[in-house]
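Here are some short exercises to work through with the model open beside you. Try each task before reading its solution.

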Amino acid sequence: MIYLKTDEEVELLREANLLIGRTLAELAKIIKPGVTTKQLDKVAEEFIRDNGAEPTFKGFPNPYGGPFPASICTSVNEQVVHGIPNDVPLQDGDIVSIDCGTRLNGFCGDSCYTFPVGEISPEVKNLLKTTKEALYKGIEQAVVGHRLGDISYAVQQHCEAQGYGVVREFVGHGVGHEMHEDPQVPNYGRRGNGILLKSGLCIAIEPMITMGTKDIYMQEDRWGIVTRDKKPAAHYEHSLCVRKGKADILSSFDEIEKVLADKFI
């Protein structure tokens, strides 16, 4: 069931989402070769809780296994989504997608950013650049009077035109009191299809794009999702509110990219 948010609810969603941007900026300060994703998770959880919120990912139920054991998803290289933080040090040339969720004042934030670790190859840098561009291409379509398929088509076309794969099995979603609400927001589709977009609809758009095949599989931990060909994947996500003329982006990469400076993609 889809419900449109009031202006007051949108502002509460914005607060929860802006906290994620600040959290990811704290992680950006310490991401480098030798750091473990478990260390990143500890910093993230402390920062979220110190700011009066709860990490929505921690304890999130899994129909295939146990609840998620951490506060952030850290997906490294060929991991697409839902990577569990661990004690394996990040290496120069890696990429790590950090997906973060918060619950603050009864509303949920959800945003993701893919970080370079040290110096990454030009090929991987272009994957990150294209994936982030696709996110904003989708956001451009999230306006009153358009249809959901317009968002999906924009993301798919931008990435496939450069030969990248677009993951089908995992999609964006509505956001509100719950982290995952209706409607689903695929990263592939046809223009003019799907529900009509109305003001107050709050959704998360999150392209999950692969350097090679779009085919994926689930790891033995029943959480991590990996590319079938082991090539890298990138993932960027914003939460936003549909409005007339231009979407209102509720999350932010500004604080992250201030930290990364000339390194950001």
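Rings of Phe, Tyr and Trp (its six-membered ring) pair if their centres lie within 6.5 Å; planes under 30 degrees apart count as stacked, over 60 as edge-to-face and the rest as tilted. The model is a predicted one, where local features need pLDDT of at least 70, side-chain atom pairs count only at pLDDT 80 or more, and totals for chains, interfaces and linings use all residues. Residues are numbered from 1 along each chain as its sequence is written, and side-chain values use heavy atoms, with hydrogens and water left out.

**Exercise 1. Aromatic pairs**

Task: Find how many aromatic pairs the structure holds, then follow the contacts of Tyr-113.

Solution: Start with the count, which is five aromatic pairs. One of them joins Tyr-113 to Tyr-236, edge-to-face, at 5.0 Å centre to centre with 80° between the planes. Next, place the two rings: Tyr-113 belongs to strand E5 (residues 107-116) and Tyr-236 to the loop between strand E13 (233-235) and strand E14 (238-241), so this pair ties together parts 123 residues apart in sequence. Strands (E, at least two residues) and helices (H or I, at least four) are DSSP runs, numbered from the N terminus.

Now turn to Phe-253, which also pairs edge-to-face with Tyr-113, at 4.9 Å centre to centre and 85° between the planes. Here the partners are 140 residues apart, with Phe-253 in the loop between strand E15 (248-249) and helix H5 (254-260). Finally, put the rings together: Tyr-113, Phe-115, Tyr-236 and Phe-253 form one aromatic cluster.

**Exercise 2. Buried or exposed?**

Task: Decide whether Tyr-113 and Tyr-236 are buried or exposed.

Solution: Recall the cut-offs: buried is under 20% relative accessible area, exposed over 50%, and partly exposed in between (1.4 Å probe, protein chains only). Tyr-113 has a relative accessible area of 0%, so it is buried. Tyr-236 is likewise at 0% and buried.

**Exercise 3. Strand E2**

Task: Work out how strand E2 (residues 72-76) is placed in the structure.

Solution: First check burial: five of the five residues are buried, so E2 is largely enclosed by the rest of the structure. Then look at the side chains. In a regular strand they alternate between the two faces of the sheet. Ile-72, Thr-74 and Val-76 point one way from E2, while Cys-73 and Ser-75 point the other way. Last, find the neighbour: E2 pairs with strand E4 (residues 95-104) in the antiparallel sense over five bridges, where pairing needs at least two DSSP bridges. Within this pairing, Thr-74 stands opposite Ile-98 in E4.
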